Amino acid sequence: MDRIRIRGGNELNGEIPISGAKNAALPLMIASLLTDETLKLRNVPRLVDVAQLQRILRNHGVDTAMSGKRPGENAANGENLNLTAAEIYDTVAPYELVSRMRASFWVLGPLLARCGEAKVSLPGGCAIGTRPVDLFLMAMEKLGAELDVDNGYVISSAKKGLVGNRIVFPKVSVGATHCTLMAATLAKGETIIENAAREPEVGDLADCLVKMGAKIDGIGSSTLQIEGVDRLHGAEHTVLADRIETGTYAMAVAMTGGEVTLTGTKADFLDSFIDVMDQAGVDIVSVDNGLRVKRRGNLINPVSVETRPYPGFPTDLQAQFMALVTMTEGTSSIRETIFENRFMHVQELARLGADIKLRGDTALVHGVRELRGAEVMATDLRASVSLVIAGLVAKGDTILHRVYHLDRGFEELEQKLSNCGADIERLLD
Ligand code: UD1
């Protein structure tokens with residue numbers, strides 16, 4: 001298996017282009033199941049998860065065509081992906097495909113809405129908690145689907161079509177909101193989703209669905225009102241910039257020192273993060289082509305955060321933030337409220353010399369004078385990138401194992417960092 005070697009100590013300077021958001025691209029791709037016309041997605045990141053979802057969609061009968069780069073095109077721009085579900089000839093999403101990526105479970109909603117049936121394997125994905133699907137099942141039942149869970153599969157049908165209803169989520173779920181929103185676009189009558197996730201990626205999906213002919217009110221709020229339509233049509237949509245990649249590189253620059261412009265991204269959707277970084281002593285300012293990041297002094301201030309659904313501090317930046325605050329001269333506390341098992345990076349950061357104590361859902365991070373390179377293991381997507389950015393400041397060599405986690409969600413990570421001066425390379429097996 002490939003590994004990544006990082007020799008810490010170099011400042012980052014220059015530009016890092018930010019890719020399209022994985023967490024927006026995936027639901028947008030799934031939305032192609034809702035129409036027999038072509039959905040054209042722009043700025044799609046080249047990631048293992050995107051390729052895997054293409055396989056899953058092809059299995060249902062979706063034609064997918066990804067156009068490569070042409071001479072003169074900006075290498076940083078994502079790819080164009082055309083998806084056409086002219087005919088759906090298989091409504092089964094099998095275990096072999098779904099078990100690798102939780103988001104593929106979301107096909108449940110569109111398949112039920114368009115075909116009146118779906119058999120979808122219970123999902124896999126990053127091992128960061130139990131990650132149940134009860135909210136999806138509740139919502140599909142409210143829309144009139146009959147459901148059974150058997151042999152590891154959710155077997156569902158709505159022979160006369162889905163019917164709109166009022167759905168109140170007891171807990172904010174990004175995935176359940178995506179899935180229900182897509183299903184409701186083709187349900188008969190009105191659906192109201194209350195306590196919907198407000199993550200920008202939900203808004204991006206809703207904007208695309210509107211371009212496809214859906215009627216949605218309340219985009220960006222926690223109450224979505226959807227008036228079902230008989231059919232949706234093709235559309236063209238550009239995937240929004242990845243706020244998690246933006247935040248990750250901003251923290252890498254804060255750790256290493258130097259000054260980097262993150263291009264193709266915006267401060268929109270990053271308010272809580274930028275505020276926390278300001279408290280930590282890091283300036284993130286909007287410039288013409290993106291965001292410029294620079295640490296104000298030599299030190300990072302200790303800051304305490306709590307992860308929350310959007311607009312709160314994102315759980316997907318928690319591991320990276322933990323790496324950042326290992327560099328303070330004080331104690332920071334980090335409370336994880338979204339996933340109960342999202343601290344697997346703690347023991348790996350400890351291998352690099354970090355001093356972190358876990359108390360239930362809270363990690364107390366005591367700053368250390370320096371991190372030291374070591375062999376570490378990637379445990380999930382965001383945890384693995386926290387080890388990379390810690391490696392950028394650790395003395396000596398850090399070798400990261402199980403790099404495949406990174407490839408699921410970070411496009412050209414080594415190139416982007418080495419272009420700015422990092423000493424990082426992939427060791428191929
Ligand atoms: C999405 C993101 C992931 C991010 C997470 C939270 C994608 C592809 N993934 O994951 O990167 O970390 O949002 O921002 O967009 N829950 C239930 N029952 C359910 C569904 C969820 O209890 O039926 C719980 C989960 O276990 C978790 C919480 O709700 O504790 C939030 O999970 P959710 O928002 O659904 O995360 P994902 O959509 O899987």
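This is a short presentation on one protein model, its bound ligand, its salt bridges and a few notable points of its backbone.

Good morning. Please bear in mind throughout that the structure before you is a predicted model.

I shall begin with the ligand. Where does the ligand lie with respect to domain 1 and domain 2? Domain 1 consists of residues 3-16 together with 242-427, and domain 2 of residues 24-238; both contribute residues to the shell around the ligand, so the ligand lies between them.

That shell is made up of 19 residues. The closest of these are Asp-134, Ser-173, Val-174, Asp-316 and Ile-338. Sorted by class, the shell holds nine nonpolar, four polar and six charged residues.

Several backbone atoms approach oxygen atoms of the ligand. For Ile-338, a backbone N or O atom is 2.5 Å from a ligand oxygen. For Leu-135, the corresponding distance from a backbone N or O atom to an oxygen of the ligand is 2.8 Å. For Gly-175, a backbone N or O atom likewise lies 2.8 Å from an oxygen atom of the ligand. How much of the ligand's accessible area does the protein cover? On its own the ligand has 740 Å² of accessible area, and the protein covers 91% of it.

Which elements give two or more residues to this shell? They are helix 5, residues 134-142, and helix 6, residues 174-185. Helix 5 provides the largest share, with three residues.

One of the closest residues, Asp-316, leads us to a further side chain. Asp-316 and Arg-342 are joined through their side chains by a polar contact of 2.9 Å. Arg-342 is found in the loop that runs between strand 19 (331-335) and helix 11 (345-351). Is Arg-342 buried or exposed? Its relative accessibility is 6%, and because buried means under 20%, Arg-342 counts as buried.

I turn now to the salt bridges. How many salt bridges are there in the model? The count comes to 27. I shall present three of them.

The first example I have chosen is the pair Arg-5 and Asp-423, whose closest N and O atoms are 3.1 Å apart. Why does this pair tie together distant parts of the sequence? Arg-5 belongs to strand 1 (residues 3-7) and Asp-423 to strand 24 (residues 423-427), so the salt bridge connects parts that are 418 residues apart in sequence. Arg-5 is buried, at 12% relative accessibility, whereas Asp-423 is partly exposed, at 26%. Both residues also belong to a network of salt bridges that links Arg-5, Arg-7, Asp-397, Asp-423 and Glu-425.

The next example is formed by Arg-46 and Glu-79, whose side chains meet at 3.9 Å, N to O. This salt bridge, too, links distant parts of the chain, its two residues being 33 residues apart. Arg-46 sits in the loop between strand 3 (38-44) and helix 2 (48-60), while Glu-79 is in strand 5 (residues 79-84). With 27% relative accessibility, Arg-46 is partly exposed; Glu-79, with a relative accessible area of 11%, is buried.

My remaining example is the salt bridge between Lys-357 and Asp-355, with the closest N and O atoms 3.0 Å apart. Lys-357 is partly exposed, at 39% relative accessibility, and Asp-355 is also partly exposed, at 28%.

Finally, I should like to draw your attention to the backbone itself. Which peptide bond is cis, with omega near 15 degrees? The bond in question runs from Tyr-310 to Pro-311. Pro-311 is located in the loop between strand 18 (305-306) and helix 10 (318-325).

Two residues other than glycine have a positive phi and deserve mention. In Phe-269, phi is near 75 degrees. Phe-269 lies in the loop between strand 15 (259-263) and helix 9 (271-280), and its relative accessible area of 38% makes it partly exposed. In Arg-402, phi is near 60 degrees. Arg-402 occupies the loop between strand 23 (397-401) and helix 13 (404-409), and at 35% relative accessibility Arg-402 is partly exposed.

To close, let me return to the ligand: it lies between domain 1 and domain 2, and the protein covers 91% of its accessible area. Thank you for your attention.

Methods
Residues are numbered from 1 along each chain as its sequence is written. This is a predicted model: local features need pLDDT of at least 70, side-chain atom pairs count only at pLDDT 80 or more; totals for chains, interfaces and linings use all residues. Side-chain values use heavy atoms; hydrogens and water are left out. Helices (H or I, at least four residues) and strands (E, at least two) are DSSP runs, numbered from the N terminus. Buried means under 20% relative accessible area, exposed over 50%, partly exposed in between (1.4 Å probe, protein chains only). A residue is near a molecule or strand if one of its heavy atoms lies within 4 Å of it. A polar contact is a pair of N or O atoms within 3.5 Å; within protein, one must be able to donate a hydrogen and the other to accept it, and residues adjacent in sequence count only if both atoms are side-chain atoms. Accessible areas come from the Shrake-Rupley method with a 1.4 Å probe; for residues, only the protein chains shown count as cover. Ala, Val, Leu, Ile, Met, Phe, Trp, Tyr, Cys and Pro count as nonpolar, Asp, Glu, Lys and Arg as charged, and the others, Gly among them, as polar. Domain bounds come from an automatic or database domain assignment. A salt bridge is a side-chain nitrogen of Lys or Arg within 4 Å of a carboxyl oxygen of Asp or Glu.
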